Amino acid sequence: MTALPQREIEALGAAFDGRFGFYAEDLASGATASVNAGQRFPTASVCKVPVMVELFRQAAAGELSLSERRRLAGPISTHGSGGLGLALDEPELTLLDYCRFMIHVSDNVATDMLMGVVGLDKVNRTMEGLGFGDLRTNSTMSRYHYAMVNMADRTPSPEADGEMARRMKEEGLDYDSWPYHDAPDNNVASPAHMGGLLKALHRGRVVDEAASAQMVELLKSGRDRRMLPRHVDPGVVIAHKYGSSGRIKGDVGILFLPSGPLVAAGFATAAGDEADGAEVIAEACRLAVESLSPESLKERDE
């Protein structure tokens with residue numbers, strides 16, 4: 001059985017200036033490698049995976065329909081990634097389309113809409129029921145970003161977004177605020193439990209086989225290649241969800257290698273602006289892929 005590079009991944013963690021956690025599992029052989037895999041880390045947008053799971057669970061239970069249309073109205077924050085912040089005339093989309101925006105372009109407006117629909121308490125309850133209690137989603141994306149500049153209690157609005165932008169420019173981010181820590185208000189995950197969720201998705205055990213397959217297909221639409229895919233040949237299919245919020249980085253996914261599926265989940269919270277969490281996640285993934293399917297890596301000079 002091919003072994004994954006445990007010592008090399010441990011060395012990456014030891015050298016990183018900050019907190020780093022990684023879990024990798026070769027689903028063909030069961031071989032694993034990990035570092036700090038049982039610790040919880042801030043997730044940034046990786047928290048959108050449990051939200052997606054809860055949406056599909058409620059659809060399967062008949063509590064809502066993925067084809068149901070909802071109007072984007074009321075107090076919203078247009079901060080961050082995605083494109084729905086440009087839609088100012090109360091667009092009406094299906095819940096599945098909101099999910100597509102949330103996963104494909106990591107749209108925060110779509111995410112906050114879906115969080116309101118499914119309920120964060122239900123997201124957490126479902127993760128606990130699946131055996132992944134380390135996956136905690138406790139904050140909307142607007143509240144999460146507002147908290148970085150001590151505005152967590154502000155009602156989301158374009159005006160509040162403007163104030164947030166002003167504070168970021170003039171005062172910077174508060175790295176002692178709860179978004180940067182494993183705090184009760186935060187969205188957090190352990191690499192081991194996120195890897196377990198991805199493994200269950202691949203095996204058709206989340207909600208049901210059809211829903212699992214549909215969620216994996218949605219994750220295949222992710223476009224960001226700074227972390228897990230960075231050193232991987234573009235021809236390799238990767239179903240993943242990434243997150244990036246300043247010093248917080250995360251990327252979790254399934255890499256469909258010729259040798260078989262590889263589950264990888266990496267999180268990094270840098271201690272300073274000089275440390276590159278995306279780079280250490282990318283390098284850990286490169287080491288794992290190299291041990292299983294070296295032909296799946298890009299040439300070093302690419």
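**Helix faces and a helix pair**

Trainee: Which elements are included in what covers the buried residues of α5?
Mentor: This model is predicted, and the helix in question, α5, spans residues 120–129. The cover over the buried residues of α5 includes three elements that can be named: α2, α4 (108–118) and α8 (191–202).

Trainee: Why do the buried residues of α5 line one face of the helix?
Mentor: The buried residues of α5 are Leu120, Val123, Asn124, Thr126 and Met127. They line one face because, in a view down the helix axis, they fall within an arc of 160°.

Trainee: Which residues are exposed on the other side of α5?
Mentor: The buried residues, Val123 and Met127 among them, have already been placed on one face of α5. The other side carries the exposed residues Arg125 and Gly129.

Trainee: Is Glu54 buried or exposed?
Mentor: Glu54 belongs to helix α2. A residue counts as buried under 20% relative accessible area. The relative accessibility of Glu54 is 0%, so Glu54 is buried.

Trainee: With which residues is Glu54 in contact, leaving aside its neighbours within four places in sequence?
Mentor: Within α2, the side chain of Glu54 makes a polar contact of 2.7 Å with that of Gln58. Once neighbours within four places in sequence are left aside, the contacts of Glu54 are Val118, Lys122, Val123 and Thr126.

Trainee: At roughly what angle do the axes of α2 and α9 cross?
Mentor: Helix α2 covers residues 48–60 and helix α9 residues 209–219. Their crossing is right-handed. The axes come within 11 Å of each other, and the crossing angle is roughly 145°.

Trainee: How many residues of the contact of α2 with α9 are nonpolar?
Mentor: From α2, Val49, Met52, Val53 and Phe56 take part, and they meet Ala211, Gln214, Met215, Leu218 and Leu219 of α9. No residue of this contact is charged, one is polar, and the number of nonpolar residues is eight.

Trainee: Over what arc around the axis do the buried residues of α1 lie?
Mentor: In α1, which comprises residues 6–15, the buried residues are Ile9, Leu12 and Gly13. They sit on the same side of the helix because they cover an arc of only 95°.

Trainee: Which exposed residues does the opposite face of α1 carry?
Mentor: Among the elements covering the buried residues of α1 are β1 (18–26), β2 (32–35) and α10 (277–292). The face turned away from that buried side carries the exposed residues Arg7, Ala14 and Ala15.

Technical notes. Residues numbered from 1 in each chain as written. Predicted model: local features only at pLDDT ≥ 70, side-chain atom pairs only at ≥ 80, totals over all residues. Heavy atoms only, no water. Axes fitted to C-alpha atoms, helices over the stretch in contact; angles between N-to-C directions. Helix = DSSP H or I, 4+ residues; strand = E, 2+ residues; numbered from the N terminus. Left-handed = near helix turned anticlockwise from the far one by under 90°. Contact = heavy atoms within 4.5 Å. Nonpolar A, V, L, I, M, F, W, Y, C, P; charged D, E, K, R; others polar. Buried < 20%, exposed > 50% of the residue type's maximum accessible area, 1.4 Å probe, protein only. Arc of directions from axis to C-beta. Polar contact = N/O pair within 3.5 Å; in protein donor to acceptor, adjacent residues only side chain to side chain.
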